[in-house]
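Thanks for coming. I will go through one structure today, starting with a cysteine and ending with a pocket.

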Amino acid sequence: MIVIKTEELNYLIYTYFLEQGYSHSAFALINEVKIDQLIYRDDVKPGQLINLLEKALLFQQLQDHIQINQYYECKVPQLLIQKHVCQFTEKKQLAEKQERRDREIMIQNALMRSQEFASRNGQTMDLNIELQQDIIQLQDEILLSDWNAQKNILAIYQLNCIKFIQNNQIIQIMPTVVGESFSRVKLMKFDRSSGNNMLIVYENGAAKVIDTTIQIIKMFNIKNSSKLLDFHWNLNWPNVVALIFEKDIEIVDIYKCQTLKYLENVIHFEWRHFDHFIVMDYNYYINLMQIDIDKPQLQLKAELETTLIEFNKRKTLLASFSSTLNIIKIWTLQNDDYVFEITDDQKILQFCWCSSQNANYLITLTSQTLNIWDVEFGQIKSTYEIDFNVINMVSMDLLNDTPQVVLIGEKVVLYDLINKKRRVFNCDTPNKVLRINDEEILFIFRSSYIVYKKN
């Protein structure tokens with residue numbers, strides 16, 4: 001318990017006046033408040049008032065700059081009277097202001113929904129905007145697809161050919177021929193750094209690297225292709241690819257056909273930046289590694305039965321999810337301890353990151369709710385009730401700083417996380433949902449695709 005006595009405070013001020021040479025002020029104070037000079041003389045050391053104020057400022061600085069157990073260093077001086085303003089406190093104030101605004105909007109929306117509910121005799125209504133749709137019907141089934149965000153090209157693999165589509169027009173058709181016969185495509189993806197190349201892997205292990213004019217740049221074979229599950233382009237280097245096998249990872253330079261690193265007994269892989277990546281082994285250790293260094297830079301101990309680990313968009317935060325324990329842990333990769341933990345009374349079915357310019361949101365889905373967490377402040381930003389069975393959840397990161405998420409199931413619903421609106425699409429369940437730009441969303445179905453546009 002902290003007790004501040006007036007006579008003690010007066011005596012500290014009196015000694016401060018003497019230390020600063022303000023003898024007349026000290027004399028006036030001692031006579032006005034009747035200070036007994038002999039009471040505290042042995043306990044008060046020189047500069048004690050300043051020392052106490054410095055400790056108070058230090059505590060205030062820590063209080064202003066700590067979030068989710070992490071201290072954010074600040075170079076702006078902490079003053080006694082003047083309000084402390086820095087980049088971090090401004091962000092905190094904006095978040096609090098947004099929270100107050102969100103609360104007011106929620107109250108207004110609740111009143112509006114209550115009035116609408118009463119006027120419609122209990123019928124609910126989704127909040128929608130008018131959408132224009134371009135439906136492209138294709139003859140054959142779409143077996144694989146990928147979107148090139150840099151070149152605005154959609155690649156669709158159908159029977160015996162890959163079609164490259166731009167602005168709803170087929171610009172290239174590539175027969176899926178290996179040698180002198182057609183071969184089934186197993187995987188295909190555009191490179192994520194430039195968008196100039198695509199890697200195509202066939203069922204028989206043959207692999208081709210082509211450019212956007214479908215000219216073959218490189219051909220090679222992948223060993224144990226029957227155990228190949230996926231591959232991930234390096235985010236910065238267009239010649240480096242991680243091949244994801246059932247239990248192993250092989251990082252290769254596809255132009256030189258050279259193995260850069262081979263890792264065994266791995267159940268998850270994800271690139272961070274350049275030659276840095278993370279892997280999780282069968283003992284649930286998450287290792288932060290580099291291609292040319294064998295020893296992990298950092299090792300994290302995840303929960304048992306961790307089924308998924310995923311970086312946020314900026315690769316600054318990592319989430320690990322244990323479905324058995326129903327726990328999501330957030331790691332900063334600054335040390336080997338997690339900084340925040342997310343749990344729910346209901347079973348967490350899925351999660352995904354959804355970033356904006358000023359915040360990192362983590363979205364958790366249960367059978368009844370969709371929760372949006374602001375992980376930097378360790379709190380739920382908003383909650384939506386879910387009234388249908390959800391099969392999949394897809395994050396939509398936009399250029400205009402409006403994070404959104406699409407739920408796919410009995411309905412297809414887009415949730416606007418900032419403006420707190422939901423839009424129901426009148427369509428069948430798509431196989432894939434892709435964000436093309438701020439105005440368009442691409443839905444890919446079994447033998448067709450739809451581009452939704454804002455009017």
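Let me begin with Cys-161, which is buried at a relative accessible area of 14%. Keep in mind throughout that this is a predicted model.

How many disulfides does the structure hold? The count is 0. A disulfide, in general, is a covalent bond that links the sulfur atoms of two cysteines. Take Cys-354 as a case: the closest cysteine sulfur to its own belongs to Cys-352, and the 6.2 Å between them is too far for a bond. The cut-off used for a disulfide is 2.5 Å between the sulfur atoms. Cys-354 is also buried, with a relative accessible area of 0%.

One more cysteine, for its backbone. Cys-257 sits in the loop that runs between strand 16, residues 249-253, and strand 17, residues 258-263. Its phi is near 55°, a positive value in a residue other than glycine. As a rule, most residues other than glycine have a negative phi. Is Cys-257 buried, partly exposed or exposed? Its relative accessibility is 46%, so Cys-257 counts as partly exposed.

Lys-315 is another residue with a positive phi, about 65°, and Lys-315 is not a glycine either. Lys-315 lies in the loop between strand 22 and strand 23. At 16% relative accessibility Lys-315 counts as buried, because the limit for that class is under 20%.

That loop brings us to a sheet. Strands 22, 23, 24 and 25 form an open sheet in that order, with antiparallel pairing. Strand 22, residues 306-311, and strand 25, residues 340-343, are at the edges with a single partner strand each, so one side of each has no neighbour in the sheet. On average, neighbouring strands here are turned by 20° against each other, ignoring direction. Strand 22 pairs with strand 23, residues 318-322, over 5 bridges in the antiparallel sense. Within that pair, Phe-311 stands opposite Leu-318 of strand 23.

Next, a hairpin. Strand 27 and strand 28 form it, with 3 residues between them. The two strands run antiparallel and are joined by 5 bridges, strand 28 covering residues 369-374. Thr-364 stands opposite Asn-371 in strand 28. How many residues of strand 27, residues 360-365, are buried? The count is 6 of its 6 residues. Both faces are covered: one side has Asn-360, Leu-362 and Thr-364, the other has Tyr-361, Ile-363 and Leu-365, and all are buried.

A second open sheet has 4 strands in the order 30-31-32-33, again with antiparallel pairing. Its edge strands, strand 30 and strand 33, the latter being residues 421-425, each pair on one side only. The twist from one strand to the next averages 20°. Strand 30 and strand 31, residues 404-409, pair over 6 bridges, and Val-390 stands opposite Gly-409 in strand 31.

Last, the largest pocket. It contains about 2,000 Å³ of space. Of its 47 lining residues, the closest to the centre are Arg-192, Glu-310, Val-394, Ser-395 and Leu-434. Several strands each supply at least two residues of the lining, including strand 22 and strand 30 from the two sheets I described. Others among them are strand 4, residues 144-148, and strand 34, residues 432-435. What classes of residue make up the lining? There are 24 nonpolar, 10 polar and 13 charged residues.

That is the end of my part. Thank you.

Conventions: Residues numbered from 1 in each chain as written. Predicted model: local features only at pLDDT ≥ 70, side-chain atom pairs only at ≥ 80, totals over all residues. Heavy atoms only, no water. Pairing = 2+ DSSP bridges. Axes fitted to C-alpha atoms, helices over the stretch in contact; angles between N-to-C directions. 1 Å grid on protein atoms, 1.4 Å probe; cavity = no way out; pocket = protein on both sides within 12 Å on 5 of 7 lines; lining within 4 Å. Points joined across faces, edges and corners; volume = space filled by probe spheres on them. Nonpolar A, V, L, I, M, F, W, Y, C, P; charged D, E, K, R; others polar. Buried < 20%, exposed > 50% of the residue type's maximum accessible area, 1.4 Å probe, protein only.
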